[in-house]
Amino acid sequence: MTDRTATLRYGQRELALPIVNGTAGDDAIDIASLRQETGLITLDAGYGNTGACTSAITFLDGEAGVLRYRGYPIEQLAESSSFLEVAYLLINGELPTREQLDDFTANVTHHTLIHEEMRRFFDSFPYDAHPMAVLAAGTVGLSTFYQDSHDIFSPAAVEITSMRLLAKLPTLAAWAYKKAIGQPYVYPRNDLGYAPNLLHMMFAVPAEEYQVHPDVAQALDLLLILHADHEQNCSTSTVRMVGSSHANLYASISAGISALWGPLHGGANEAVISTLERIVADGGNVRKYVDKAKDPNDPFRLPGFGHRVYKNFDPRARIIKAAADRVLAATGADDQLFEIAQRLEEVAANDEYFVKRKLYANVDFYSGLIYRAIGFPKHMFTNCFAIGRLPGWIAQWKEMMDAPETKIGRPRQVYVGVPERAYVPIDERG
Ligand code: SDX
């Protein structure tokens with residue numbers, strides 16, 4: 001049994017702070033009374049030691065490489081579930097009955113169309129606009145067509161908004177892509193499942209029938225499952241922060257999409273492929289890029305390696321690497337980048353710099369190879385990540401809204417600027 005309190009000694013003061021126990025993983029010191037009792041705040045750049053909330057959605061153990069959604073190991077969900085079933089699980093807390101899953105699927109299926117007036121929305125962007133910019137803008141833009149459902153305290157409004165977001169993000173992403181390549185928009189089809197519908201909207205053309213390859217659809221569905229939630233990562237924390245101001249769910253999700261875009265976060269999958277392409281163009285010299293990543297004077301870091309939490313292995317990377325083999329075989333895609341990636345992983349895994357810093361391949365290292373083999377251009381990879389992460393964002397936003405302890409997020413700071421000084425008229429400066 002762990003102690004019930006932690007004692008803080010500061011000067012002549014001694015303060016007993018309560019311990020909050022989790023059902024697994026980290027326990028925490030509750031510092032809610034710290035500033036009032038001591039005048040002190042805590043400082044933790046990047047929040048590596050700071051819990052922002054209690055949560056019952058996802059558990060991960062970075063040392064043991066464990067990831068569970070609502071208690072179910074990611075390996076079992078990857079093996080036996082589907083993305084919409086996982087979305088239902090994350091949002092509702094339990095695996096659905098067959099009837100519940102059928103209803104949920106039908107609900108999502110019948111909200112995949114976006115308002116026809118949004119077609120003009122895509123025309124307002126240059127053809128080479130990054131799809132993450134279009135997705136973030138399009139997501140908050142959806143709210144202008146559904147002003148009847150902004151009430152964040154109405155369960156019905158939150159429910160329909162959740163369905164609309166799950167249903168329409170693939171349509172927004174696919175139409176952003178079609179606009180960029182000058183092809184006609186392909187409308188969603190109600191006779192297709194979630195992943196096949198995204199593939200059809202992305203790759204079908206009016207000139208011929210497009211057949212979704214079942215192995216490809218299964219691989220995409222698997223990737224969406226593996227990206228569906230990841231506790232309090234940067235983009236999820238952003239969704240919670242924005243939601244804590246009582247901004248509506250569209251606005252909160254749009255903010256999460258923007259946070260995910262960063263190359264240190266969801267943008268890494270695109271950066272991995274760019275780096276692998278650079279290595280190929282540079283004669284396949286893997287060691288050169290590993291050494292470049294180790295050079296303290298070079299800002300280059302190896303995309304797809306390292307993680308804030310996983311310090312042994314990312315369980316998702318293992319599953320994706322195995323799936324990459326199957327997709328490459330199914331699509332006959334060239335596996336030159338996959339071969340380079342495997343060599344890069346092997347060199348890094350045996351390099352003292354990477355081993356000492358516990359830098360291993362993360363979810364983004366191999367996922368881009370699958371997206372690429374499926375046919376997605378690399379600037380669409382993070383859109384796929386966002387579509388996968390959406391149910392997790394929704395679940396975390398709802399949990400934040402339902403938590404009685406939730407307040408508007410407002411961290412404090414340690415001020416290190418200049419002390420008070422008087423205003424100087426402009427003619428007396430310089
Ligand atoms: C995701 O949080 C989540 O859960 C995120 C995510 C999710 O599902 O939501 O899992 C998705 O974002 C995965 C991560 C994708 N990002 C990348 O692959 C980008 C490359 N990785 C790095 O930028 C980095 O590893 C981070 C940002 C992911 C994590 O950084 P940390 O844990 O804060 O580590 P750090 O930046 O403090 O680095 C520690 C040391 C440093 O060297 P020293 O100063 O000790 O000499 O490791 C080095 C860093 O320079 N380092 C790397 C490196 N990552 C860290 N060196 C070379 N290549 C790298 N990739």
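**View 1. The largest cavity holds about 60 Å³ of space.** In this predicted model, a search of the whole structure finds three cavities of 30 Å³ or more, and this view shows the largest cavity with the residues that line it. The lining is made up of Phe-122, Phe-125, Pro-126, Tyr-127, Ala-129, Val-134, Ala-176, Lys-179 and Ala-180. When these residues are divided by class, eight are nonpolar, none is polar and one is charged. Helix 7, which spans residues 155-181, gives the most to this lining, with three residues.

**View 2. The second largest pocket encloses about 320 Å³ of space.** Of the 16 residues that line this pocket, Ala-78, Glu-79, Gln-218, Leu-222 and Arg-326 are the closest to its centre. Three helices, namely helix 2 (74-80), helix 9 (214-226) and helix 14 (315-331), each supply at least two residues of the lining, and the largest share, six residues, comes from helix 9. Sorted by class, the lining of the second largest pocket has eight nonpolar, three polar and five charged residues.

**View 3. The ligand is surrounded by 24 residues of the protein.** The closest of these residues are His-230, Leu-302, His-307, Arg-316 and Arg-389, and by class the shell around the ligand has ten nonpolar, seven polar and seven charged residues. Several side chains place polar atoms beside atoms of the ligand, as the following distances show. For His-265, a polar side-chain atom lies 2.9 Å from an oxygen atom of the ligand, while for Tyr-353 a polar side-chain atom lies 2.9 Å from a nitrogen atom of the ligand. In the case of Arg-357, a polar side-chain atom lies 3.2 Å from an oxygen atom of the ligand. Taken on its own, the ligand has 1,100 Å² of accessible area, and the protein covers 76% of that area.

**View 4. Strands 1, 2 and 3 form an open sheet in the order 1-2-3, with antiparallel pairing.** Strand 1 and strand 3 stand at the edges of this sheet, and because each has a single partner strand, one side of each is left without a neighbour in the sheet. The pairing between strand 2 and strand 3 (residues 28-29) is antiparallel and consists of two bridges, and within this pairing Ile-19 stands opposite Ile-29 in strand 3.

**View 5. Strand 1 and strand 2 form a hairpin with two residues between them.** Strand 1 covers residues 5-10 and strand 2 covers residues 13-20, and the two pair in the antiparallel sense over six bridges. Along this pairing, Arg-9 of the hairpin stands opposite Glu-14 in strand 2. The turn that links the two strands includes Gly-11, which has a positive phi of about 60 degrees.

**View 6. A second group of three strands forms an open sheet in the order 4-5-6, with antiparallel pairing.** The edge strands of this sheet are strand 4 (58-61) and strand 6 (72-73), each of which pairs on one side only. Strand 5, which runs over residues 66-69, pairs with strand 6 in the antiparallel sense over two bridges. In one of the residue pairs of this view, Tyr-69 has Tyr-72 in strand 6 as its bridge partner.

Conventions: Residues numbered from 1 in each chain as written. Predicted model: local features only at pLDDT ≥ 70, side-chain atom pairs only at ≥ 80, totals over all residues. Heavy atoms only, no water. Near = heavy atom within 4 Å. Polar contact = N/O pair within 3.5 Å; in protein donor to acceptor, adjacent residues only side chain to side chain. Areas by Shrake-Rupley, 256 points an atom, 1.4 Å probe, with all protein chains shown as cover. Nonpolar A, V, L, I, M, F, W, Y, C, P; charged D, E, K, R; others polar. Pairing = 2+ DSSP bridges. Helix = DSSP H or I, 4+ residues; strand = E, 2+ residues; numbered from the N terminus. 1 Å grid on protein atoms, 1.4 Å probe; cavity = no way out; pocket = protein on both sides within 12 Å on 5 of 7 lines; lining within 4 Å. Points joined across faces, edges and corners; volume = space filled by probe spheres on them.
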